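Biologist: I should be grateful for a close look at a single part of this model, namely its surface. Please begin with the accessible surface as a whole and then proceed to individual residues that contribute to it.

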Amino acid sequence: MTTIRSIYRTARACGRRPVSFEIFPPKGDLTLDVAHDVAGQLAELAPDFISVTYSAGGSGNKRATADVAQMIQRDFDVPAVAHLTCVGATEESLARAADDLRAHGIDNVLALRGDAAGADEPGTYRYARDLISRLAEEGFCVGAAAYPEGHIACDDARANIEHLKQKQDAGASFFVTQLFFDNEFFYRFWEAALNAGVTAPIACGIMPFLGKAQIQRMVFMCGASLPSPVVKLLARFEDRPDDLRRAGIEYACAQLVDLDAHGVDGLHVYTMNQPDIARASMAALRAAWRA
C-alpha cells in the first residue's frame, strides 16, 4: 500500500516537492476509454499521484471515481486518490462507499463536504471533518481541502485556519488547496497554518485560466481573487481565445515555479483532463530544477 502520507514523508526526507495531477471521471461525452487515455498521458510525466474527483452537486457518475482510480493504479502503477463527499450522506451510504473503495483497492481518499444538490437535506455527516474521522477510523489515508482565501461560506480568516486544524486533528494527513491566482495569498495562509500547529503537508492547487467564461465561473464558485496581471491578460486577449489559453497556462506555470522556489510542501495541478496542461507544468518545473 502506497499512501500519500508516505509519499510526502519520503519527499521531505529527500528535500523535494511531490507533484500531482487531478482529473475528473467519465461524464457526458467522456468515456472510460477517453479517461484511460488521459490518465496514460499524465502517467508518462511520472506524477507522485493522481486524484480523481467526485461528482459535484449529485451530477455525473459517482461510481466512476473508484473505477478510474483503480484503473490508474492497475494500468499505470501510479498511486491514486479518490475524492469522496459527505453532503447528504448517511452512515449506511458511507459504509457502502468505504466498502466500494476498498474493493477497488483504493487506500487514499480526499474527504470533502461537497456541494448540496438542490434541496438536499444534511445527512449524518455535515462537515468534512466528520467524514475525515470516519474514513481515518476505517484505515484510509485521508486528505482534505484547504482554502488560502477562505471558504466561500466563511470569510473569517481565523476560523478558516481553525477549521484546517480541526481537519488535521480529525485525521487528515495531507491537504490540497483550492485554486488561487495570487501566490501571496497562499504564503500568508501557509504561515498562519504553521503558527496554528498544522503540520500535515499542504499541496498548492493550481488551475490555469483558459477562457473568460471559465474564470468567471471559477471566481463565482470558489471566491478566488483575480490579481491585476490576470485581469490585464483577460482584457488583452479577450477576443483571441487561443492566445488567452496560452497565456493562462504560462501564468499557471509561473505560479508553480515560484511556489516551488519558496519550498512549499507540494504542487497539485488541476488538469481539467487536458494533458497539455500537465506537460507544460512539468516542463516549466523541470527547467527550473535544472537551472
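Modeller: The accessible surface of the chain in this predicted model amounts to about 13400 Å², and carbon and sulfur atoms supply 50% of that area. As for the residues themselves, 50% of the 291 in the chain count as buried. Charge is carried by 29 positive and 37 negative side chains, and 3 Å separates the centres of the two sets.

This surface encloses a fold of eleven helices and eight strands. The radius of gyration is 18 Å, close to the 19 Å given by the globule rule for 291 residues, so the chain is as compact as a globular protein of that length. The C-alpha trace extends over about 50 × 45 × 45 Å along the principal axes. Among contacts with a separation of 6 or more, 80% join residues that are 24 or more positions apart.

Two loop residues may be taken in turn. Ala46 belongs to the loop between α2 (32-43) and β2 (49-52). With a relative accessible area of 55%, Ala46 is exposed, because the threshold for that class is over 50%. The backbone of Ala46 has a phi near 60 degrees, which is a positive value in a residue other than glycine.

Asp77 is found in the loop between α3 (63-76) and β3 (80-85). Its relative accessibility of 68% places Asp77 in the exposed class. Phi of Asp77 is near 55 degrees, again a positive value in a residue other than glycine.

A helical position may be set beside these loops. Ala287 lies in helix α11, which comprises residues 275-290. The relative accessible area of Ala287 is 35%, so this residue is partly exposed: the value falls between the limits of 20% and 50%. Val257 stands 30 residues away from Ala287 along the chain, and their C-alpha atoms are 9.3 Å apart.

Finally, the confidence of the prediction must be considered. The mean pLDDT of the chain is 91, and 93% of the residues reach at least 70. Residues 56-61, however, have a pLDDT below 50, although the model gives this stretch ten contacts beyond near neighbours in sequence. Predicted coordinates should not be read in detail where pLDDT is low.

Notes. Residues are numbered from 1 along each chain as its sequence is written. Side-chain values use heavy atoms; hydrogens and water are left out. Helices (H or I, at least four residues) and strands (E, at least two) are DSSP runs, numbered from the N terminus. The radius of gyration is taken over C-alpha atoms; the globule rule is 2.2 Å times the number of residues to the power 0.38. Buried means under 20% relative accessible area, exposed over 50%, partly exposed in between (1.4 Å probe, protein chains only). Contact means heavy atoms within 4.5 Å. Accessible areas come from the Shrake-Rupley method with a 1.4 Å probe; for residues, only the protein chains shown count as cover. Lys and Arg count as positive and Asp and Glu as negative; His and the chain ends are not counted. The place of a charge is taken as NZ of Lys, CZ of Arg, CG of Asp or CD of Glu. pLDDT is the predictor's confidence in each residue, from 0 to 100.
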